[in-house]
2 protein chains.
Amino acid sequence: MSKRQYHHGELRNTLLDAAEVLVRENGVVGWSLREASARVGVSPSAAYHHFTSRDALVNALSVRVLARLGERMSSAAAQAAGPGVDTQQGIIAAGCAYVRWALEDPAVARLAFGFGAQDSEAMIAPHPHDVIEAELDRLVATGALNATARPGAEFAIWAAMHGLATLLADGLMILDGPEAADLQTERLLRAVLTGLTQETAPSQGRPTAHSAHTERRTRRQGNSTPDEPSATAPTRLQ
Amino acid sequence: MSKRQYHHGELRNTLLDAAEVLVRENGVVGWSLREASARVGVSPSAAYHHFTSRDALVNALSVRVLARLGERMSSAAAQAAGPGVDTQQGIIAAGCAYVRWALEDPAVARLAFGFGAQDSEAMIAPHPHDVIEAELDRLVATGALNATARPGAEFAIWAAMHGLATLLADGLMILDGPEAADLQTERLLRAVLTGLTQETAPSQGRPTAHSAHTERRTRRQGNSTPDEPSATAPTRLQ
DNA sequence: GCTTGATCTTAACAGTGTTCAGATTAAGTG
DNA sequence: CACTTAATCTGAACACTGTTAAGATCAAGC
């Protein structure tokens, strides 16, 4: 409703703010670029000088939101890891932050997860996947996790917390109260960690999985002339 | 392109078929009711005699698709469970079916997961959640899973496979080949199962979680006069 | 004060979901 | 068979959407 028509250099962020509120109010698809522009006091076409399309706005929002999640996770992990406390508390705290976020802001979480792989330019740091990797490395360093079980363990842990988060955000799973989320997360992550520690066979398949986020980073840093783009493109396997 | 204008009693299914193809071609939101109607050779408003809205069509499609997934899971579990084979093979086969489905048909999987909780009338049988519960009960019966770890274990297992499935369907995680999905699924589920078996504390929180699908079924069968609808409605906690 | 580049507006286009009054069809009744 | 009837589909219209193009407006630097 603000009638100021000229947001110099700030229209981009202001539009992202409005879009985030709209997502929270009406869901991922229950709003229009026109409505977001109107709320900011600007004509619809003004938005096209900052975003090439509505999808670009949504992608930018998902990047902003995923970065916030990564910071919440890493700070939660840092805060939980004290001297003398259970070594697993770090990654459990990160997982609880992940799941609570999906529970408290489900519409935004659905947007972030659904569009999180589509912006091939933006760099999210720290990405949730990075936080998990760092905590797992810490577990290996302290001896709490078997080094032979380390390769690929990130995906087991990530899948576990991501499954809880999306089941809750999508309303497929319902909890009795907010503290139930922490209990479920801790139980699941502890189970995965002890299960990984006691693996007998050294996981025959080696690194068979990649994170789309890590793929993008290595592609940018390493060989700038991609010889085999087919391996990195997130296309349908089958 | 079929010019037949009168699909007696079959327009509903024909529209669902067309919508499913469109989802596969253009994604969850990259198509219109009008286009689906046109492909079937019918005017847009004809669809409104079978679905109250576009969302209703999408919901019906998600119900049909989720039921197919449940059957794939249960038949995979039944086929894997033979005499003398590892007891865990049943639930692992079900999990592999779940994850492979998301990998092979990601757009349809995203639709099913995203809209799977919104249709409060339809009954999905067997629901994936049911298949998991049945397999876990079998594990307890054969002694492969500790009975004290059984309550709530369904959600740990469900979250694990659902996390893999959604990470793959959304393109956040990328696999090197189709067989990698089975390896990852088996590794993760085995870890969760052995982790659950070796739990020391009897999971303090008792049944703190529900499946939205189970909620609906018990609400329909049990007390037809719901005294406390707030506990069953999948609303946002906190 | 005037130029300049960034920023925003107005107007328009094609396409969308949805509704409603009326036409068309298939099937059953006498 | 003719005729009713209920199911089924059409056509036109409404408000709204994403997007684009040409032009107006602003903030700042020479």
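Helix α4 of chain A passes helix α7 of chain A in a right-handed crossing, a crossing being right-handed if the near helix is turned clockwise from the far one by less than a right angle, and left-handed if anticlockwise. The model is predicted: local features need pLDDT of at least 70 and side-chain atom pairs count only at pLDDT 80 or more, whereas totals for chains, interfaces and linings use all residues. Residues are numbered from 1 along each chain as its sequence is written, chains are lettered from A and ligands numbered from 1 in the order in which they are written, and side-chain values use heavy atoms, with hydrogens and water left out.

Helix α4(A) spans residues 89-104 and α7(A) residues 153-169; their axes come within 8 Å and cross at roughly 25°. Helices are DSSP runs (H or I, at least four residues), numbered from the N terminus, and axes are lines fitted to C-alpha atoms over the stretch in contact, with angles running from 0 to 180 degrees between N-to-C directions. The two helices are therefore roughly parallel to each other (angles under 35 degrees). On the α4(A) side the contact (heavy atoms within 4.5 Å) includes A:Ile91, A:Gly95 and A:Tyr98, and on the α7(A) side A:Trp158, A:Met161 and A:His162, among others. The contact residues divide into 12 nonpolar, 2 polar and no charged. In this classification Ala, Val, Leu, Ile, Met, Phe, Trp, Tyr, Cys and Pro count as nonpolar, Asp, Glu, Lys and Arg as charged, and the others, Gly among them, as polar.

Around DNA strand D there are 22 residues, of which A:Leu33, A:Arg34, A:Arg54, B:Ser43 and B:Ser45 come nearest (a residue is near if one of its heavy atoms lies within 4 Å). Sugar and phosphate account for 56% of the strand D atoms that come within 4 Å of the protein. By class, the surface near strand D has 7 nonpolar, 12 polar and 3 charged residues. Among the polar contacts (pairs of N or O atoms within 3.5 Å), an N or O atom in the side chain of A:Arg34 is 2.3 Å from a base nitrogen of strand D. Phosphate oxygens of strand D lie 3.0 Å from a polar side-chain atom of A:Ser32 and 2.4 Å from a polar backbone atom of B:Ser43.

DNA strand C is surrounded by 21 residues, the closest being A:Ser43, A:Ser45, B:Arg34, B:Tyr48 and B:Arg54. Sugar and phosphate make up 54% of the strand C atoms within 4 Å of the protein. A polar backbone atom of A:Ser43 is 2.4 Å from a phosphate oxygen of strand C, and a backbone N or O atom of B:Arg54 lies 2.7 Å from a phosphate oxygen of strand C.

How values were computed. Angles under 35 degrees count as roughly parallel, over 145 as roughly antiparallel, 65 to 115 as roughly perpendicular and the rest as oblique. A polar contact is a pair of N or O atoms within 3.5 Å; within protein, one must be able to donate a hydrogen and the other to accept it, and residues adjacent in sequence count only if both atoms are side-chain atoms.
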